[in-house]
Amino acid sequence: MKRVLFVVEDITLAQVVRLVKLAHALPRDSYEVHFASAHFEPLIFAGTSFVQHTIYTYEHALRRLERGQRLYSKGVLARYVEEELALFHSVKPDVVVGDLRFSLTVSAPHAGIPYAALINAYWSRAMEREWPLPEHPVVKLLGARLAAQYFPKAMPRVLQWFAAPVNALRKQYGLTPLGDLVDVLMSGDRVMFPDVPGITPLASTQANELFLGPVLWEPALPPPDWWQRSLGARAVYVTMGSSGRNDRLPMVLDALTKLDLPTMVSTAGRSSSMGSHVMAAKYLPGSEAARRSAFVVCNGGSSTGYQALREGKPVLGIASNLDQYLAMTSVRDAGAGILLRSDSLTADAVHDAATQLLEDDRYCQAAQRIASELASYDAEARFESMLRTL
């Protein structure tokens, strides 16, 4: 029986649920599953039988990401590595699986344990596109147009700066430095992309890289009382998730109301001002909500984006951090959605984008083409097949 240890960086919901979904799908007669996380939300871990291990996650990482700052100091990552090595000693895993846990590029090779990294393909250097400009204080200082001119030139140094603490620790543990942040994210004995080539076409892939297809999760909860209400053909599903600009939600809802669009909102437990005309719940069955909608509004991230596209519905992405911009740029370039900047968002921009998605059939046609490709991928089966090679 193979012992697999999942180590999650618990800073956004997506990182946790993707690993939970993959872990839960493993046959219990072939795998002993251990799961390490800072928290074990009952809603997410309900029905699982993992051996649970509490491990430290730096609580300010998401806020630093939103500010365009380096996520971790060397000291924080050193604590990560020490805890992981102690966990490895206790669990003695045959394989370690991680999602955005930078420190595993130090601890796993130092301990001599095969490491499988889950990371979206749009981070790959083989993705032929310019780096999009995320929200950052320099954008406010220079303006988006001027900042966009300098950002591609500055990006190589930015990526090296983000990777510096990881490389310092790798040197400390007798490992060769990896290069920049992209090299850190793409480091692993196996690198798994929760994507499909139709959205993230890579010029080439390495022998250790594979497309899993999207890893999608939704809560096993009874729907709210209003769920069976007839919404018509022009309903909209809106969620800013756990990492989107929730302060932009009232503006979005106001614009949709003016278009007389019935609106379903999943708050992810984040409060916001909403009128009585909005149908809201903490969590909703996202796939069905997308299925009942003309289009989906989200933070542009891959989780809700893929949920919408799997149902053949286009996406209006209101992005803020770099990961969201990368994900939504891929959707936009595939013709299946519209990308708006959250830092300069206006109700008029939302109104115009919504109108375009409703009236231009090309967005829906592109989303339906992508839905066909998504249907051909079984991420859980591909993941289990990959594990057998380690």
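This is a conversation about how terms are applied to one predicted model.

Mentor: The model is predicted, with local features needing pLDDT of at least 70 and side-chain atom pairs counting only at pLDDT 80 or more, while totals for chains, interfaces and linings use all residues. Residues are numbered from 1 along each chain as its sequence is written, and side-chain values use heavy atoms, leaving out hydrogens and water.

Trainee: Why is Leu181 called buried or exposed?

Mentor: Buried means under 20% relative accessible area, exposed over 50%, and partly exposed in between, with a 1.4 Å probe and protein chains only. Leu181 has 8% relative accessibility, so Leu181 counts as buried.

Trainee: Which term fits Leu100, and which fits Asp260?

Mentor: Leu100 has 22% relative accessibility and therefore counts as partly exposed. Asp260 has a relative accessible area of 67%, so Asp260 is exposed. Over the whole protein chain of 390 residues, buried residues make up 55%.

Trainee: Where do these residues lie?

Mentor: Helices are DSSP runs of H or I with at least four residues, and strands are runs of E with at least two, numbered from the N terminus. The protein chain has 15 helices and 13 strands. Leu181 belongs to helix 8. Leu100 sits in the loop between strand 4 and helix 5 (104–111), and Asp260 in the loop between helix 9 (249–258) and strand 9 (263–266). Leu100 has a phi near 60°, a positive value in a residue other than glycine; for Asp260, phi is also near 60°.

Trainee: What is Leu181 in contact with?

Mentor: Contact means heavy atoms within 4.5 Å. Leaving aside neighbours within four places in sequence, Leu181 is in contact with Phe102, Trp123, Leu159, Phe162 and Ala163.

Trainee: How many cavities of 30 Å³ or more are there, and what makes a space a cavity?

Mentor: On a 1 Å grid over the protein atoms alone, a cavity is a set of points where a 1.4 Å probe fits but cannot get out, and lining residues have an atom within 4 Å of a point. Grid points are joined across faces, edges and corners, and the volume is the space filled by probe spheres set on the points. The count comes to four cavities of 30 Å³ or more. The largest cavity holds about 70 Å³, and the second largest about 60 Å³.

Trainee: Which elements supply the lining of the largest cavity?

Mentor: Strand 4 (95–99), strand 5 (115–118) and helix 8 (181–185) each supply at least two residues. Strand 5 gives the most, with three. Leu100 is among the lining residues, as are Phe102 and Tyr115.

Trainee: How do the residues of that lining divide into nonpolar, polar and charged?

Mentor: Ala, Val, Leu, Ile, Met, Phe, Trp, Tyr, Cys and Pro count as nonpolar, Asp, Glu, Lys and Arg as charged, and the others, Gly among them, as polar. The lining of the largest cavity divides into eight nonpolar, two polar and two charged residues. For the second largest cavity, the division is five nonpolar, five polar and one charged. Helix 11 (302–310) and helix 12 (322–333) each supply at least two residues of that second lining.

Trainee: How do you know that the radius of gyration agrees with a compact globule?

Mentor: The radius is taken over C-alpha atoms, and the globule rule is 2.2 Å times the number of residues to the power 0.38. With 390 residues, the rule gives a value near 21 Å; the protein chain has 21 Å, so the two agree.

Technical notes. 1 Å grid on protein atoms, 1.4 Å probe; cavity = no way out; pocket = protein on both sides within 12 Å on 5 of 7 lines; lining within 4 Å.
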